[in-house]
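Okay, thanks everyone for coming. I'll put the structure up and walk you through a few spots in it.

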Amino acid sequence: MQALEQVVEPWRQRFQEVTAQTGVVMGAPGAELVYASSEADLVIVGRRERSLPVGPRLGHVTHAVIHHAASPVAIVPHP
């Protein structure tokens, strides 16, 4: 948990007006994010940038969250 806090802390300092909560849970990632979305103002999930012209653009976790989350979802591409 300490390593997670160290990763998030610079972002908390940069955007002090935003409350970012961290936590570690056991379970299916998509289901856990959907469950947590009931208390969130925004859920942010990442997706890998794909160079292939065909194939799925979203993974199963992101797909579950955008279809079942109780709050808005932001999808952030990353390499």
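So, phenylalanine 15: buried or exposed? Actually, in between: its relative accessibility comes out at 34%, so we call phenylalanine 15 partly exposed. And keep in mind that we're looking at a predicted model here.

Staying with that residue, let's talk rings. How many aromatic pairs does the structure hold? Just one. The partners are tryptophan 11 and phenylalanine 15, with ring centres 6.2 Å apart. Their planes sit at 5°, and anything under 30 degrees counts as stacked, so stacked is what we call this pair.

Okay, on to empty space. You roll a probe the size of a water molecule over the atoms, and that shows where space is left. Here, the largest pocket holds about 1,300 Å³. Its lining takes in 29 residues, and the ones nearest the centre are Ala20, Gln21, Thr22, Leu42 and Ile44. Which elements give two or more residues to that lining? Those would be helices α1 (2–14) and α2 (29–36), plus strand β1 (43–48). As for chemistry, the lining of the largest pocket splits into 18 nonpolar, seven polar and four charged residues.

Last stop, histidine 67. You'll find it in helix α3, which covers residues 60–68. Its relative accessibility is 51%, and the cut-off for exposed is over 50%, so histidine 67 counts as exposed. Along the chain, histidine 67 and valine 34 are 33 residues apart, yet their C-alpha atoms are separated by 9.1 Å.

That's my tour, happy to go back to any of it.

Note on methods: Residues numbered from 1 in each chain as written. Predicted model: local features only at pLDDT ≥ 70, side-chain atom pairs only at ≥ 80, totals over all residues. Heavy atoms only, no water. Helix = DSSP H or I, 4+ residues; strand = E, 2+ residues; numbered from the N terminus. Buried < 20%, exposed > 50% of the residue type's maximum accessible area, 1.4 Å probe, protein only. 1 Å grid on protein atoms, 1.4 Å probe; cavity = no way out; pocket = protein on both sides within 12 Å on 5 of 7 lines; lining within 4 Å. Points joined across faces, edges and corners; volume = space filled by probe spheres on them. Nonpolar A, V, L, I, M, F, W, Y, C, P; charged D, E, K, R; others polar. Phe/Tyr/Trp six-rings, centres within 6.5 Å; stacked < 30°, edge-to-face > 60°.
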